[in-house]
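This report walks through one protein–ligand model. Keep the viewer open while reading.

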Amino acid sequence: MRIVILTGAGISAESGLGTFRDKGGLWSQYDLAEVATPEGFARNPHQVHDFYNARRENAARAKPNAAHVALARLNGTDGPEAAIVTQNIDDLHERAGSRGVIHMHGEVARSLCGACGSRWDAAPETHPDDPCPECGNCPTRPDVVWFGEYPYRLDEIERLLRNADLFAAIGTSGEVYPAAGFVETAHANGSRTVEINLEPSQGASRFQDVIVGRATETVPVWVDGLISGES
Ligand code: NAD
């Protein structure tokens, strides 16, 4: 069985990393136009680095939770194998043991040269005038995809979705495209679809199955079912 799993901020919520759109989420504390757009970066690059320096510190302190650990069991050694596509910029899937995770919105632990496009492991604290190790120029920016930018590896994700037998969206509000449209691509190609979320998302009706609850409780049970062949 070919499984594609899309994860969002909700899977990392119980690791202490705030989601974006929930009550008290990051977008109620920060102006997304100022910290997560190319225009905001052009206006005030120091403020954007400060925002992502805080995200990087929080992510480094956080620990993978039972949902990340359960998904890492879908690595083909004791049952089905899943491709994990995440909108998250943290590395909790990798630290739980998942391999080949596709970070379609980039990674907060990486830096990107605004001059030559080189990427490298970010220092714990970064600044716009950090010189690029490749070309020596700047500005340096976090290697994350901002609103108005094109997500990474979409062709590869599209191929995975077209060939999937099962598509699961976990902990995502389904409000950010193109990820919110993955369910349609998977469904159109004959895949079963399931949403696993704290509450049914606005797009829940587009899924065949909806599992409601905290990811640390629902995901391990769902993975057990996949491995035993019961779901
Ligand atoms: P979102 O904030 O829009 O939605 C999160 C969803 O998770 C909501 O539907 C909410 O009901 C659900 N949720 C909350 N707690 C949950 C739990 N314990 N168990 C299961 N579900 C839970 O997040 P999104 O859909 O991922 O939005 C996309 C954007 O958010 C991406 O661009 C991503 O980069 C960014 N983001 C990433 C992180 C991270 O890397 N950890 C954190 C915040 C936002």
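A nonpolar core is a set of buried Ala, Val, Leu, Ile, Met, Phe, Trp, Tyr and Cys residues joined through side-chain atoms within 4.5 Å. The model examined here is predicted.

**Nonpolar cores**

The largest nonpolar core holds 20 residues. Ile5, Leu71, Leu74, Ile170, Val219, Trp222 and Val223 touch the most other members. Several elements each supply at least two residues of this core: strand 1 (2-7), helix 6 (66-71), strand 2 (81-86), strand 7 (166-170), strand 8 (192-197) and helix 10 (215-228). Helix 10 provides the largest share, 5 residues.

Leucine 74 shows how such a core member is packed. Leaving out residues up to four places away in sequence, leucine 74 touches Ile5, Pro80, Glu81, Ala82, Trp222, Val223, Leu226 and Ile227. Another core, of 16 residues, lies apart from the largest one. Its members include Leu154, Ile157, Ala169 and Phe182.

**Leucine 6 in strand 1**

Leucine 6 is found in strand 1. Its relative accessible area is 3%, so leucine 6 counts as buried, the limit being under 20%. Beyond the residues up to four places away in sequence, leucine 6 touches Val85, Gln87, Met104, Phe167, Ala168, Ala169, Ile170, Thr172, Ala179 and Phe182. One of these partners, isoleucine 170, is 164 residues away along the chain, yet the two C-alpha atoms are separated by 6.1 Å.

**The ligand site**

Which residues are closest to the ligand? They are Gln87, Ile89, Asp90, Thr172 and Ser173, out of 26 residues that surround the ligand. By type, the shell divides into 8 nonpolar, 13 polar and 5 charged residues. Helix 1 (residues 9-13) gives the most to this shell, with 4 residues.

Polar backbone atoms of the protein approach ligand atoms at the distances below.

| Ligand atom | Protein partner | Distance |
|---|---|---|
| Oxygen | Alanine 9, polar backbone atom | 2.8 Å |
| Oxygen | Glycine 171, polar backbone atom | 3.2 Å |
| Nitrogen | Leucine 198, polar backbone atom | 3.1 Å |

Taken alone, the ligand exposes 860 Å². The protein buries 94% of that area.

**Serine 12 in helix 1**

Serine 12 is found in helix 1. Is serine 12 buried or exposed? It is buried, because its relative accessible area is 2% and the cut-off for buried is under 20%. The side chain of serine 12 makes a polar contact with the side chain of asparagine 88, at 3.4 Å. Neighbours within four places in sequence aside, serine 12 is in contact with Leu17, Asn65, His68, Asn88, Asp90 and Leu92. Asp90 also appears among the closest residues to the ligand.

**Threonine 193 and phenylalanine 207**

Threonine 193 has its place in strand 8. With a relative accessible area of 0%, threonine 193 is buried. Residues up to four places away in sequence are not counted in its contacts: Phe167, Val183, Ala186, His187, Arg206, Phe207, Gln208 and Asp209.

Phenylalanine 207 lies in the loop between strand 8 and strand 9 (209-212). Despite the loop position, phenylalanine 207 counts as buried at 11% relative accessibility. Its contacts, leaving aside neighbours within four places in sequence, are Phe167, Ala169, Val183, Thr193, Val194 and Glu195. Phe167 and Val183 are also touched by threonine 193. Phenylalanine 207 and histidine 187 are 20 residues apart in sequence, and their C-alpha atoms are 8.4 Å apart in space.

**Backbone features to check**

Where are the cis peptide bonds described here? One runs from cysteine 138 to proline 139, with omega near 15 degrees. Proline 139 lies in the loop between strand 5 (119-121) and strand 6 (140-144). Another cis bond runs from tyrosine 177 to proline 178, with omega near 10 degrees. Proline 178 is found in the loop between strand 7 and helix 9 (182-188).

Arginine 153 is not a glycine, although its phi is positive, about 60 degrees. Arginine 153 sits in the loop between strand 6 and helix 8 (154-162). At 39% relative accessibility, arginine 153 counts as partly exposed.

Conventions:
Residues numbered from 1 in each chain as written. Predicted model: local features only at pLDDT ≥ 70, side-chain atom pairs only at ≥ 80, totals over all residues. Heavy atoms only, no water. Near = heavy atom within 4 Å. Polar contact = N/O pair within 3.5 Å; in protein donor to acceptor, adjacent residues only side chain to side chain. Areas by Shrake-Rupley, 256 points an atom, 1.4 Å probe, with all protein chains shown as cover. Nonpolar A, V, L, I, M, F, W, Y, C, P; charged D, E, K, R; others polar. Buried < 20%, exposed > 50% of the residue type's maximum accessible area, 1.4 Å probe, protein only. Contact = heavy atoms within 4.5 Å.
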